[in-house]
Amino acid sequence: MTDDLFTGIGSGRLERQLRFLTEIDKAKLILRRTLLTDGSRRENDAEHSWHLAVMAAVLQEHAREPFSMERVLKMTLIHDLVEIYAGDTFAFDTAANAGKEDRETAAADRLFALLPPDQGQELRALWEEFDAMETADARYAAALDRLQPFLHNLCTQGHTWVLGKATRQQVMERSGPAMEALPALRPWMEAQIQKAIQNGWIRP
């Protein structure tokens, strides 16, 4: 259907943009392991990315470093789009994570090529920057990506921690970027991890 949908639009650039925007609707079909906070169902990638974008705006006053809100919002909105082709990789599945980088790189090659070259290159670079976590913008965006499932776990009796048989060390490593970029959260997060261990949601 989409092969003919944009025929005759009169602009090759606009056609590529609309094809990309139509394609990324598939992010709504990619289910994560994380449950919604009410525990009713698994969230999808689109919901997750929207949540991060709102978190970026709400928590900005607590960021350890100055950052560009525009760039962070772009990162939060596109960081998981490659999962349309690569699928979601469970954070606590060691075997699945072994091939994650190759799968997602191939997916990025395919996805961002749908856009006009300048936009494809910009979003691809932001995706790579987010993944590397080497800039202030990426560290803040990645911190939100770690904080969001942490909050959901607290609301769902440690769902993904229990599912992945996560240890304290694993949870601390996953949560580390959030504690570093949002230092005001560290004492609270560490206390919540200890409570989760006591509740049996996290292995000591």
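## An exposed loop between α3 and α4

Glu61 is exposed, with a relative accessible area of 65%, and its place in this predicted model is in the loop between α3 (45-58) and α4 (69-78). Although Glu61 and Leu182 are separated by 121 residues in sequence, their C-alpha atoms are 9.3 Å apart in space.

Pro66 lies in that loop between α3 and α4 as well, and with a relative accessible area of 73% Pro66 is exposed, because the cut-off for that class is over 50%. Pro66 also has a partner remote in sequence, since Asp137 is 71 residues away along the chain while the C-alpha to C-alpha distance between Pro66 and Asp137 is 8.1 Å. Asp137 falls within the range of helix α9, residues 136-155.

## The β1-β2 hairpin

Strand β1 (residues 31-35) and strand β2 (residues 42-44) run antiparallel and are joined by 2 bridges. Leu31 has Asn44 as its bridge partner in β2. Between the two strands of this hairpin there are 6 residues, and in the hairpin Gly39 takes a positive phi near 75 degrees.

## Packing of α2 against α8

Two packed helices are described by the angle between their axes and the distance between the axes. For helix α2 (residues 12-23) and helix α8 (residues 117-132), the axes come within 10 Å and cross at roughly 35 degrees. On the α2 side the contact is made by Arg13, Arg16, Gln17 and Phe20, which meet Pro117, Asp118, Gln119 and Leu123 in α8. By class, the residues of this contact divide into 3 nonpolar, 2 polar and 3 charged.

Arg19 is also found in helix α2, and with a relative accessible area of 24% Arg19 is classed as partly exposed, because buried residues are those under 20% and exposed residues those over 50%. The C-alpha atoms of Arg19 and Leu115 are 8.0 Å apart in space, while the two residues are 96 apart in sequence.

## Helix α9 and the loops that follow

Helix α9 (residues 136-155) has 20 residues and reaches 29 Å from its first C-alpha to its last, which is close to the 28 Å expected at 1.5 Å a residue. This helix is mostly covered, with 17 of its 20 residues buried. After α9 comes Gln157, whose phi is positive, near 55 degrees, a value taken here by a residue other than glycine. Gln157 has its place in the loop between α9 and α10 (159-163), and at 58% relative accessibility Gln157 counts as exposed.

A further positive phi in a residue other than glycine is found at Lys165, where the value is near 50 degrees. Lys165 is in the loop between α10 and α11 (168-181), and Lys165 counts as exposed at 58% relative accessibility.

## Aromatic pairs

A pair of aromatic rings is described by the distance of the centres and the angle of the planes. Across the whole structure, a search finds 4 aromatic pairs. In one of them, the rings of Phe90 and Phe92 have their centres 5.8 Å apart and their planes at 85 degrees, so the pair is edge-to-face. Phe90 counts as buried at 10% relative accessibility, and Phe92 is buried too, with a relative accessible area of 13%.

The pair of Phe150 and Trp188 is likewise edge-to-face, with 5.9 Å centre to centre and 65 degrees between the planes. This pair links distant parts of the chain, since Phe150 is in helix α9 and Trp188 is in helix α12 (residues 186-198), 38 residues apart. The two rings belong to residues of unlike accessibility, because Phe150 counts as buried at 2%, whereas Trp188 is partly exposed, with a relative accessible area of 34%. Ring pairs also bring in Trp161, so that Phe150, Trp161 and Trp188 are linked into a cluster.

Methods:
Residues numbered from 1 in each chain as written. Predicted model: local features only at pLDDT ≥ 70, side-chain atom pairs only at ≥ 80, totals over all residues. Heavy atoms only, no water. Pairing = 2+ DSSP bridges. Helix = DSSP H or I, 4+ residues; strand = E, 2+ residues; numbered from the N terminus. Expected span 1.5 Å × (residues − 1). Buried < 20%, exposed > 50% of the residue type's maximum accessible area, 1.4 Å probe, protein only. Axes fitted to C-alpha atoms, helices over the stretch in contact; angles between N-to-C directions. Contact = heavy atoms within 4.5 Å. Nonpolar A, V, L, I, M, F, W, Y, C, P; charged D, E, K, R; others polar. Phe/Tyr/Trp six-rings, centres within 6.5 Å; stacked < 30°, edge-to-face > 60°.
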